[in-house]
Amino acid sequence: MESTLDIFVKAIFSENMIFAYFLGMCSYLAVSKTVKTAVGLGAAVIFVLLVTVPVNYLLENYLLKEGALSWLDPNSDTLANMDLSFLAFIMFIAVVASIVQLVEMLVEKFAPALYGALGIFLPLIAVNCSILGGALFMQDRQYSTILDATAFSLGSGIGWFIAIVAIAAIREKIRYSNVPAPLRGLGITFIITGLMGIGFMAFMGIKYGKDEAPEKVAITTTIDIDKP
Amino acid sequence: MSDIAENKKTPKEPLFSKKNKKLVTDPLTDNNPVTIQVLGICSALAITVQVKQGVVMGLAVIFVLVLGNLIISLLRNLIPSRIRIIVQLVVVASLVIIVDQLLAAFMPDVSEQLSVFVGLIITNCIIMGRFEAFAMANKPWPSIMDGFGNGLGYAGLLVLVAVFRELFGSGTLYGFPIFGDYITGSGLYSIGYVNNNMMILPPMALIIVGVIIWIQRSRNKSLIEEH
């Protein structure tokens, strides 16, 4: 099994939400004009991911998965065969939407300046693909413990944060360069994101704990064949 | 009652009037949801490695968008504005569940390849964007046209990107070999042509869309942004 740390590092770098899966691109492109708002939105995404993924993990494992309801009554056959996973989409999105509503109210109360700066984009976190994507990837990959799922959500959030802050910093500077007129704004942002994605692909070479063992076996066998 | 009174005052519009046609054709070019409105990019890029996936995804989005626009437009006077986002999300989520179950039943291989991206249609900004901007304020028929037009604009761009990526990345189109067989080295491969594996990687999708935006904006100067 992958260790929790592996999952965390993987989620930040080699399986970055933006550069590997393009999740959350809409707000990524729309709110990355200045670093300040980008930091605010990035922090909001980290927080919402960190809360929603564990909640959805519990829902998935104690309500939706095949046989997940058997904790209600271990002896009942109907409960052990019950598969509610087709309800996953609607459950996940309901959890995400209500938690976003909560965050919105908290930010409005305690950080009005940030609320003014984020404006329309805070409710849009509910439809930010990275949040629902986090929940769906969690379901897809079947993490064994809630700790792993939390590490994954925190890592994905931090990865998204790094991506949006980096592009916002680049966009602030690129204002002073001579970009061809039709590429200004959206076009050049796409191309820069693509180039950053190529850069991030370098992280795919990171060796995780699990990968090492089978390779050693392969080396010893080749030596054995060479000897005689 | 009020509806009937409204109908008497305004002369009835033909179903395919100029205005309604414009709702369909506009999103195909100068008001494309992906390249101009910047909506729905999340899923547009990840599933454009093969044309087939792009076509299936495009059809799924057209289906959800047309039906969703219709439902929201019918309900538009009943939805309290404070909770409208949640109502919209529930409508989309139910439609997406239908799509997901249909795909899993009839096209299991494509369903497997698309994996989480079918579910992500729910958070596709095009759908929420059209609900907010159009269906909440318009009658059912124009909403259907608007949904169809925007869905088609999205699907068109998806297929366009997928054609480039599949043709140059794997040398096939919709699964059919175009440049000859790569493994036996026939056709173009016999004179030393190689597939550009770069095209299959995620970042190239972004760069292709960037180039499409570049071409579109240099043809239509009014779309150029300040910065």
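Biologist: Among the elements of chain B, which has the lowest mean pLDDT and which the highest?
Modeller: Helix 1 (residues 2-9) of chain B has the lowest, 43, and helix 4 (residues 51-75) of chain B the highest, 91. pLDDT is the predictor's confidence in each residue, from 0 to 100. Helices are DSSP runs of H or I with at least four residues, strands are E runs of at least two, and both are numbered from the N terminus. This is a predicted model: local features need pLDDT of at least 70, side-chain atom pairs count only at pLDDT 80 or more, and totals for chains, interfaces and linings use all residues. Residues are numbered from 1 along each chain as its sequence is written, chains are lettered from A and ligands numbered from 1 in the order in which they are written, and side-chain values use heavy atoms, leaving out hydrogens and water.

Biologist: Where in chain B does pLDDT stay under 50?
Modeller: Over residues 1-11 of chain B, and the model has two contacts beyond four places in sequence for that stretch. A contact means heavy atoms within 4.5 Å. Where pLDDT is low, don't read the predicted coordinates in detail.

Biologist: OK, switching: where does B:N196 lie?
Modeller: In the loop between strand 2 (176-177) and helix 10 (202-219) of chain B. Leaving aside residues up to four places away in sequence, B:N196 touches B:F168 and B:G169.

Biologist: And chain A, how many helices and strands?
Modeller: Twelve helices and zero strands. Of its 228 residues, 46% count as buried, meaning under 20% relative accessible area with a 1.4 Å probe, protein chains only.

Key
Buried means under 20% relative accessible area, exposed over 50%, partly exposed in between (1.4 Å probe, protein chains only).
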